[in-house]
Amino acid sequence: MKIAPSILSADFANLSIALDQCERGEADQIHVDVMDGHFVPNITIGPGVVKDIRKRTGLPLDVHLMIENPEMYIPQFVQAGSDLITVHVETCENLSTVIRQIKESGAKAGVTLKPGTSLKDIENVISEVDLILIMSVEPGFGGQEFIPETLDRVRKIKKMIAALQERNSPEISVDGGVRLSNAKKIVGAGADILVIGSAIFETKDPVKTMNMFKQIS
């Protein structure tokens, strides 16, 4: 199991400290939430901040684009240093084309969907992506409570991936409301990666908390 601390919950005035904590806590990658104020009601960061984050850490950057028309900005985020770019099925008129664009730009590709969006909307691209991100809260804000029905969605995705047999097998990541109290259940359902925000950065010792998550199996 891997952990991906979400810097959305970190202190943006001290991101270098948060990134150092992620390295000392042996995080596997950094989750970067990009919001445009249109697809979701919040606004966060752009390629410039991703570029600065890239300078501060050697950890892989999973950049989650919660934005409309993601194809317009993918080259900028790849050039800024994104290792993996995740797009929402709801924002892509032709999802396969956007996935191909990400890969041709030099990054790995991920796909995600809101909690209420049918899993059928991504079944045609499962063999094309490197990551499937299952949102366990409504995208747009940190600190929300985990939606219990997510566990069943993870199990269903796991079966869909197993049906691929020897073709590409993407990792499953779960984002939203992940805490020490529910992490074992999420991993047990089939998650490979846990995206964790407030449950890390709002604790007294984020490094110790990351180590505690890493011990879950």
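A residue counts as buried under 20% relative accessible area, as exposed over 50%, and as partly exposed in between. By this scale Asn211, with a relative accessible area of 29%, is partly exposed, because its value falls between the two cut-offs. The model examined here is a predicted one, and Asn211 offers a handy way into it, since the residue lies in helix α8.

Asn211 also gives a neat example of how sequence and space can part ways. Counted along the chain, Asn211 and Ala27 are 184 residues apart, yet their C-alpha atoms are 8.6 Å apart in space. Asn69 makes a useful partner for this example: 42 residues separate Asn69 from Ala27 in sequence, and the C-alpha to C-alpha distance is 30 Å. Asn69 itself sits in the loop between β3 (61-66) and α3 (74-80). With 37% relative accessibility, Asn69 is likewise counted as partly exposed, because this value too lies between 20% and 50%.

Helix α8 has a buried side as well. Its buried residues are Pro206, Val207, Thr209, Met210 and Phe213. Viewed down the axis of α8, these residues fall within an arc of 160°, and so they line one face of the helix. What does this face pack against? The buried residues of α8 pack against β1 (2-5), α1, α6 (183-189), β8 (193-196) and α7 (198-201).

Of these neighbours, α1 can be described in further detail. Two packed helices are described by the angle between their axes and the distance between the axes. For helix α1 (residues 15-24) and helix α8 (residues 206-214), the axes come within 8 Å and cross at roughly 35°. The crossing of α1 past α8 is right-handed. On the α1 side the contact is made by Gln21, Cys22 and Arg24, and on the α8 side by Pro206, Val207 and Met210. By type, the residues of this contact comprise four nonpolar, one polar and one charged.

Phe213 leads from α8 to the interior. In soluble globular proteins, nonpolar side chains tend to be buried together. Here the largest nonpolar core has 64 residues, and Phe213 is among those with the most contacts inside it, together with Leu65, Ile132 and Ile134. Apart from this core lies another, of eight residues, including Ala4, Leu131, Leu133 and Met135. Leaving aside residues up to four places away in sequence, Ile134 touches Thr112, Leu113, Leu119, Thr150, Arg153, Val154, Ile157, Ile172, Ser173, Val174 and Asp175.

How values were computed: Residues are numbered from 1 along each chain as its sequence is written. This is a predicted model: local features need pLDDT of at least 70, side-chain atom pairs count only at pLDDT 80 or more; totals for chains, interfaces and linings use all residues. Side-chain values use heavy atoms; hydrogens and water are left out. Helices (H or I, at least four residues) and strands (E, at least two) are DSSP runs, numbered from the N terminus. Buried means under 20% relative accessible area, exposed over 50%, partly exposed in between (1.4 Å probe, protein chains only). Axes are lines fitted to C-alpha atoms, for helices over the stretch in contact, and angles run from 0 to 180 degrees between N-to-C directions. A crossing is left-handed if the near helix is turned anticlockwise from the far one by less than a right angle, and right-handed if clockwise. Contact means heavy atoms within 4.5 Å. Ala, Val, Leu, Ile, Met, Phe, Trp, Tyr, Cys and Pro count as nonpolar, Asp, Glu, Lys and Arg as charged, and the others, Gly among them, as polar. The arc is that of the directions from the helix axis to the C-beta atoms. A nonpolar core is a set of buried Ala, Val, Leu, Ile, Met, Phe, Trp, Tyr and Cys residues joined through side-chain atoms within 4.5 Å.
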